[in-house]
Amino acid sequence: MTDNPQVYLASVGTELPGEAVTNADLARALGANEEWIEVFIGTRTRHFARDLTTGEVRWSLADLCARAAAEAVRASELDLADIEFVVLGTATPDTLMPATVNHVADQLGLDQVPTFQLQSGCAGAVQALSLGRTLIASGEYRSGLVVGGDVCSKHLDLQRDLTKAAPSDLVNFVLFGDGAGAAVLTDEPSGAGVAVRHVLNRFTGLGREPGQVIEWFGLADRHDDRQALTEDYKAIEEQVPVMAVEILWELLGDLDWSADELDYLLPPQLSGRMTRKIAEQLDVPGATEISCVAETGNNGNALPFLQIERLLEKMTAGQKALAVAVESSKWIKAGFALERI
Amino acid sequence: MTTPSAYTLADFVTTVRDELGLPLADEQVAADFDDLPEWDSLHLLKLVTAVEQATGHPVPVGRVLEARSLKEIYDLAVPA
């Protein structure tokens, strides 16, 4: 499938807050088994915007996104004045209002531009890419920023008594991390010169129970004893690999690409161990896997940008890459295809 | 400190019930995880920690992850 007009990715920028937090650090803090985290989760390090021992917020989501976006603009051949819109995908905005994207624009020094914020889980970065691409393809804009980021540590409270915490609660501490990423999109090849050949973003959750829920609390219900972040880990383990394979073949079909043509594969980034298993099931031996979650933790909407950053270090002219993402909250299939010009 | 030999299968079943909140019948301890609908691999996080505290010995996590029943986990955690 050929989508016209063509939209290009000129650059990426990423931001991981503070120093890497190791499994030994977390095992000590949680009273959990370090080897279990290592073997079962397979994630070695992650970064947190919040100091988990003191609870102090060191960086907001807007701070992380603005840093990533500024880096993306610097890395492109564009000036800030060329940025005509900003789209942010996140599951963890700093406040419900103003939308965090506006603080990001403010920190960047942007004004008089349209801003969009997509409330979304792991598919948010792809949704931002989809919307950014559509805006440019419409002919109304020539270049803009797409941003994704999450501050999952908002829900990780080491101050409370965790001895009675459910396993599904404890696992969040070892799965997640914080971070942000951004990309500059353009209507003509510039900078990295990567063509965005295709973007998939589709809700497939009709009648399906959510695999992941993040609550939010207001004054009237803030004392409810609800778990803020819950996952149906079993459903995720069973369904995400199946959906990932379906997405891979759907994307290849849409693009009229064969699996043999793929140089790189960017699989869903759930945890080091689950991503390894999914990559095995995707079974594209000719493609180099580009993953980051074992080092970055699952930082939601930052992940695709962190993967693209690693991809651009390797990708040469004419090479093709395919990214697969699954949002297990209400089961969204997502992915995109890139080709370096 | 509790010695490993003192930690019986019955103690282990009690740990599973108390720490994981799983309503495990005695005869279910050897059941395959596929026949234990309440079982979730996430339970291992708490179970490994609880069993290590009870026995005073590290649990071989890599092999435990391959186990197909609670009894197999017990046998790995408390070798005969």
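Modeller: A residue is called buried if 20 or more other C-beta atoms lie within 10 Å of its own, and exposed if 12 or fewer do. The model discussed here is predicted.

Biologist: With that cut-off in hand, how many of the 14 residues of α5(A) are buried, and what follows for the helix?

Modeller: The count is 11 of the 14 residues, so α5(A) is largely enclosed by the rest of the structure. The residues that reach the cut-off are G124(A), A125(A), V126(A), Q127(A), A128(A), L129(A), S130(A), G132(A), R133(A), L135(A) and I136(A).

Biologist: How do you know that the length of helix α5 of chain A, residues 124-137, agrees with what its 14 residues should span?

Modeller: The expected span is 1.5 Å times one less than the number of residues, which gives 20 Å for α5 of chain A, and because the end C-alpha atoms are 19 Å apart, the two values agree. Just after α5(A), the backbone of G139(A) takes a positive phi of about 90 degrees.

Biologist: Which element gives the most to the side of domain 1 of chain A that touches domain 2 of chain A?

Modeller: Some background on the domains comes before that answer. Domain 1 of chain A covers 7-186 and domain 2 covers 194-340, and their centres, taken over C-alpha atoms, are separated by 15 Å. Across the boundary, 46 residues of domain 1 of chain A are in contact with 43 residues of domain 2 of chain A. On the domain 1 side, the elements giving two or more residues include β1 (7-15), α2 (34-41), α5 and α6 (167-175) of chain A, and α5(A) gives the most, with seven residues.

Biologist: Turning to the sheet, what makes β5 (115-119) and β12 (288-289) of chain A edge strands?

Modeller: The open sheet of chain A has 10 strands in the order β5-β4-β6-β7-β1-β8-β14-β13-β11-β12, with mixed pairing. β5 and β12 of chain A each have a single partner strand, so one side of each is left without a neighbour in the sheet. Helix α4 (residues 100-108) of chain A packs on this sheet, touching β4 (86-90), β5 and β6, and its direction makes about 130 degrees with that of β4(A).

Biologist: In which sense, parallel or antiparallel, do strands β6 and β7 of chain A pair?

Modeller: Two strands count as paired from at least two bridges, and β6 (residues 143-151) and β7 (residues 178-186) of chain A have nine, in the antiparallel sense. As one example, D150(A) has G179(A) of β7(A) as its bridge partner.

Biologist: How do you know whether Q112(A) and D283(A), in their loops, are buried or exposed?

Modeller: Q112(A), in the loop between α4 and β5 of chain A, has 6 other C-beta atoms within 10 Å and is therefore exposed. D283(A), in the loop between α8 (272-282) and β12 of chain A, has 11 such atoms and is therefore exposed. Each is a residue other than glycine with a positive phi, near 60 degrees for Q112(A) and near 50 degrees for D283(A).

Biologist: What kind of peptide bond joins M97(A) and P98(A), and what is its omega?

Modeller: The bond is cis, with omega about -10 degrees, and P98(A) lies in the loop between β4 and α4 of chain A.

Notes: Residues numbered from 1 in each chain as written. Chains lettered and ligands numbered in written order. Predicted model: local features only at pLDDT ≥ 70, side-chain atom pairs only at ≥ 80, totals over all residues. Helix = DSSP H or I, 4+ residues; strand = E, 2+ residues; numbered from the N terminus. Contact = placed C-beta atoms within 7 Å. Axes fitted to C-alpha atoms, helices over the stretch in contact; angles between N-to-C directions. Domains from an automatic or database assignment.
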